[in-house]
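Trainee: I should like to learn how the surroundings of a ligand and the empty spaces of a protein are read. May we work through an example together?

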Amino acid sequence: MDFSFSKEHQMLRRMAREFAEREVLPIAKAIDEEHRVPMDVVKKAAELGLLGVPFPQKYGGMGAGEIGYCIVAEELGKVSSSFATIIGAHIGIGAMAIYLGGNEEQKKKYLTPLARGEKIAAFALTEAGAGSDAAAIKTRAVRDGNYFILNGTKQFITNGDIADIITVMAVTDPSLGPRGGITAFIVEREYPGVRIGKLEDKMGIRGSSTAEIILEDVRVPKENILGPFGAGFIVFMQSLDMGRLTLGAACLGGAQTALRMAMEWAAMREQFGEPIAHKQSIQWMIAELATEIEALRSLVYRTAWLVDTRQPFTRYAAMCKMYGSEVASKAVNIALQIYGAMGYSRDFVVELMYRDAKIAEIYEGTNEIQRIVIAENLFRDFGVRIRP
Ligand code: COS
């Protein structure tokens, strides 16, 4: 399986797997039941460098690129979607926005402590009226001398309540829309006027937190503009491209665990005097799922390679997210079906995995939005715009 990975990447996988199995797996069920973010384990991940995997060493990162980060996301996804979500929101979109859009000074000041895991990041785009329609945000940033005054409410923000540094998308010119009218800002949690509102009580990924962030007359220095003024929509879309790829990697991990568990159960569970693995109906489910997992693995690592070799990858990241989440959902559905009534019981972890899987079809852009992104990208190659 690892034939094309470098020695360093293979070592990283071993380290991430060992960490995931030793530190995360044993608490996966408890953090779901207690609806608790395991900050102690996040700290241990930081000590190993796992909170800065793709970022260059000069900014406190591991320098392992997107391939390295996908490896870590896959290994974490195997044991806990909650934990993979915490790390994904921190690295994949929160800190990533600073890496992609930030200037040298911002990278030194903000990315470095994030990559070292001394601080935690969140990515604040979504609002009550702006989910799939990201450009419909209402959060406003108005210039006041050397500052911008931010007002608005961000919703469903992963890590919202634990983040020290929040990348925020706000409207700076309502007449211009996503082309020039939206600017990205780096907001410190400690700035006066930043408040945490409602904490979501969720169906799954309950070991991660999802919070409302309220911004009331928050004074943000103009040095904290992320990327060119008016280009915040692009910075955020580019960050989402990265996040979508690594979400696909986490789904790859989750799907493999579901397949393994389904097979172990099918080999052990006897009905009609023999293991149910002897039944063709079970074999077909397993064969089909294993094939899709292999296809997903190829898609994820090829896309990561495109990123690391600086080639266009937007459409492939959307494919990773869409296909990955659908394979993961199918995998947990098959595992639960094979477990039967046992899988529906909270005594077994399959029930938790089933609840955890659904969100990947929704967050970081619904799978319907991913289909639009893929189709638009494909038609653009033919010189055709499929939207007005
Ligand atoms: N990379 C670089 N630029 C991008 C881009 C990307 N991935 N996606 C869009 N842009 C650019 C476009 O090229 C366009 O500029 P030009 O017309 O000059 O080329 C500009 O941004 C506006 O793009 P578009 O017209 O496609 O904007 P829309 O408002 O129609 O929105 C979608 C596009 C639907 C794709 C976007 O709103 C989206 O991704 N929505 C989902 C949001 C999401 O993922 N939410 C999850 C919550 S955050 S975890």
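**Ligand, pocket and cavity**

Mentor: We begin with a contact: an oxygen atom of the ligand is 3.1 Å from a polar backbone atom of Gly365. A polar contact is a pair of N or O atoms within 3.5 Å; within protein, one must be able to donate a hydrogen and the other to accept it, and residues adjacent in sequence count only if both atoms are side-chain atoms. This is a predicted model, in which local features need pLDDT of at least 70 and side-chain atom pairs pLDDT 80 or more, while totals for chains, interfaces and linings use all residues. Residues are numbered from 1 along each chain as its sequence is written, and side-chain values use heavy atoms, with hydrogens and water left out.

Trainee: Which residues lie 2.8 Å and 3.0 Å from a nitrogen atom of the ligand?

Mentor: At 2.8 Å there is a polar backbone atom of Ser132, and at 3.0 Å an N or O atom in the side chain of Asp241. The protein buries 74% of the 990 Å² that the ligand exposes when taken alone (accessible areas by the Shrake-Rupley method with a 1.4 Å probe).

Trainee: Which residues around the ligand come nearest?

Mentor: A residue counts as near if one of its heavy atoms lies within 4 Å. Of the 21 residues around the ligand, Ser132, Arg179, Asp241, Arg244 and Arg387 come nearest. The α7 helix gives the most to this shell, with 7 residues (helices are DSSP runs of H or I, at least four residues, numbered from the N terminus). Domain 2 (122-230) and domain 3 (234-381) both give residues to the shell, so the ligand lies between them; the domain bounds come from an automatic or database assignment.

Trainee: How is empty space found?

Mentor: Rolling a probe the size of a water molecule over the atoms shows where empty space is left. On a 1 Å grid over the protein atoms alone, a cavity is a set of points where a 1.4 Å probe fits but cannot get out; a pocket is an open set with protein on both sides within 12 Å along at least five of seven lines, and lining residues have an atom within 4 Å of a point. The second largest pocket is lined by 17 residues, with Tyr99, Leu100, Met242, Val307 and Arg310 nearest its centre.

Trainee: What lines the largest cavity?

Mentor: Its lining consists of Lys29, Asp32, Glu33, Arg346, Glu351, Leu352 and Arg355. By class, 1 is nonpolar, none is polar and 6 are charged (Asp, Glu, Lys and Arg count as charged; Ala, Val, Leu, Ile, Met, Phe, Trp, Tyr, Cys and Pro as nonpolar; the others as polar). Both domain 1 (7-120) and domain 3 (234-381) give residues to this lining, so the cavity lies between them.

Definitions and conventions. Helices (H or I, at least four residues) and strands (E, at least two) are DSSP runs, numbered from the N terminus.
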